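Student: I am new to this structure and would like a close look at one part of it. Could you start with the cysteines and then walk me through the helices around them?

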Amino acid sequence: MTEFVAAGLVAALGVLGLIFLSFAVIGMYRFGSVLNRIHAVVKCGLAGALLLILALIALGLADLESLPESLPGLTLRLGLLGFGLSLSLASAGRLLANFEVRERRSRVYYDELEMTSDGKFKQVPSAKASAKE
Amino acid sequence: MDIFNFANLAEIADLANLTGDIVIEWTLLVLLTACALTLAISRHLPNAITAFFLFSMILAALLGFLGADSHAMAAAAVGAGVIGVMLLLTLRRLQQHDRRKRDEQ
C-alpha cells in the first residue's frame, strides 16, 4: 500500500514539474520581449525543476529496502542540486535582465537617425547621450 | 485483475513507476529538443542565452531522473552557472565593442 501511495506521489510531483517546464518552454516561444522570456524561464523553469527533484526524493523514499544506506546521500545530493539550480538560475536571470535593461537605455541614447544631404539616414548619438558623456 | 487485492498492488505500483519514468523522460527529451532548436535559430543573443539556461536546467533534471545525481549537479553548476556568466560577459564585451564602433562613426 505504501508503495502505491509513493508511486502516486512521485507521478503527481513529476507531472506537475513537467507541466511547469512545458509552460517555461511555451513562454520562451510565445513571449516577444527578452525580459518576459527571462521571467517565464526563471520562474516556471525553476519551479518545474524543483518539483522534479522533489519527485526524485520521493522516489528515493519509496525504495524502502535500501532506505538506511542510500537516503541521506541521495537527499543531500538532490538537495544540493536544487540549491545550485536556484542560486545559479536566479543570479543568471538577474544579470541577463540587468544587461538587457542597460542595452535598452543605450539604444534609446544612441539610436537616433539623422538625414544626410544625399537623402540617406545615419545613426547619430542623441543629445541625451552627449550630455551623459 | 482485482485492483483491491493487496498482492496486485505492488505490481500496479511497479507498472505505474515504469510508465511514469518513461513518460517523464520522454517529455523531458522533447522539451530539451525544443530548447535546443530555439537556441539554434534565435537571432537575438539575450534570447539565445535565456534558452540556454532553460536547456541546461532541463538537462540537469533529466540527468537526475536517469540516476546520475552527481553529473546532474555538475551540469547545473557548470551549465547554468559558469557558462551562463561567461556568455553574459561576452555579451557585455560585444556591446562595448558596438558602442565604440558607433562612437568612431
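Tutor: Happy to. Let us begin with the disulfides: in this predicted model, the count over all chains is 0. Why is there no bond between C44(A) and C35(B)? A disulfide needs two cysteine sulfur atoms within 2.5 Å. The sulfur of C44(A) has its closest cysteine sulfur in C35(B), and the two lie 13 Å apart, so they are too far from each other for a bond. Starting from C35(B) leads to the same pair, since its closest cysteine sulfur is the one in C44(A), again at 13 Å and too far. The surroundings of the two cysteines can be described as well. C44(A) is partly exposed, with a relative accessible area of 21%. C35(B), by contrast, is buried, at 0% relative accessibility.

Now for the helices of chain B. This chain has 3 helices and 0 strands, and along the sequence it reads α-α-α. Two of these helices make a good place to look closely: α2(B), which covers residues 45-65, and α3(B), which covers residues 69-104. Their axes are 8 Å apart, and the angle between them is about 175 degrees. Are they roughly parallel or roughly antiparallel? An angle over 145 degrees counts as roughly antiparallel, and α2(B) and α3(B) are therefore roughly antiparallel to each other.

Which residues make this contact? On the side of α2(B) they are L45(B), P46(B), I49(B), F52(B), F53(B), S56(B), A60(B), L63(B) and G64(B). On the side of α3(B), the residues include D69(B), H71(B), A72(B), A75(B), A76(B), G79(B) and A80(B), and also I83(B), G84(B), L87(B), L91(B) and L94(B). Sorted by class, the contact between α2(B) and α3(B) holds 15 nonpolar, 5 polar and 1 charged residues.

One member of that list deserves its own look. L63(B) sits in helix α2 of chain B and is buried, at 16% relative accessibility. Setting aside neighbours within four places in sequence, L63(B) is in contact with A68(B), H71(B), A72(B) and A75(B). L63(B) and I49(B) both belong to the α2(B) side of the contact. From C-alpha to C-alpha these two residues are 21 Å apart in space, with their positions 14 residues apart in sequence.

For chain B as a whole, 39% of its 105 residues are buried. Its accessible surface is about 6,100 Å², and carbon and sulfur atoms account for 66% of that. Among its contacts with a separation of 6 or more, 52% join residues 24 or more positions apart.

From here we can cross to chain A by way of F99(A). This residue lies in helix α3 of chain A, which spans residues 67-110. Is F99(A) buried or exposed? At 5% relative accessibility, F99(A) is buried. Leaving out neighbours within four places in sequence, F99(A) is in contact with P46(B), L91(B), R92(B) and Q95(B). You have already met P46(B) and L91(B), as both take part in the contact of α2(B) with α3(B).

Chain A has 4 helices and 2 strands, following the pattern α-α-α-β-β-α along the sequence. Of its 133 residues, 38% are buried. The accessible surface of chain A is about 7,600 Å², with 66% belonging to carbon and sulfur atoms. Among its contacts between residues at least 6 apart in sequence, 50% join residues at least 24 apart.

Helix α1 of chain A, residues 2-30, gives us two residues to set side by side. L16(A) is in this helix, and V10(A) is found there too. V10(A) is buried, at 5% relative accessibility, whereas L16(A) is partly exposed at 40%. Not counting residues up to four places away in sequence, V10(A) touches A55(A), A58(A) and L59(A). Two distances help you find your way around the chain. The C-alpha atoms of V10(A) and A40(A) are separated by 25 Å, and these residues are 30 apart along the chain. L16(A) and V34(A) are 18 residues apart in sequence, and their C-alpha atoms are 26 Å apart.

How values were computed: Residues numbered from 1 in each chain as written. Chains lettered and ligands numbered in written order. Predicted model: local features only at pLDDT ≥ 70, side-chain atom pairs only at ≥ 80, totals over all residues. Heavy atoms only, no water. Buried < 20%, exposed > 50% of the residue type's maximum accessible area, 1.4 Å probe, protein only. Axes fitted to C-alpha atoms, helices over the stretch in contact; angles between N-to-C directions. Parallel < 35°, antiparallel > 145°, perpendicular 65-115°, else oblique. Contact = heavy atoms within 4.5 Å. Nonpolar A, V, L, I, M, F, W, Y, C, P; charged D, E, K, R; others polar. Areas by Shrake-Rupley, 256 points an atom, 1.4 Å probe, with all protein chains shown as cover.
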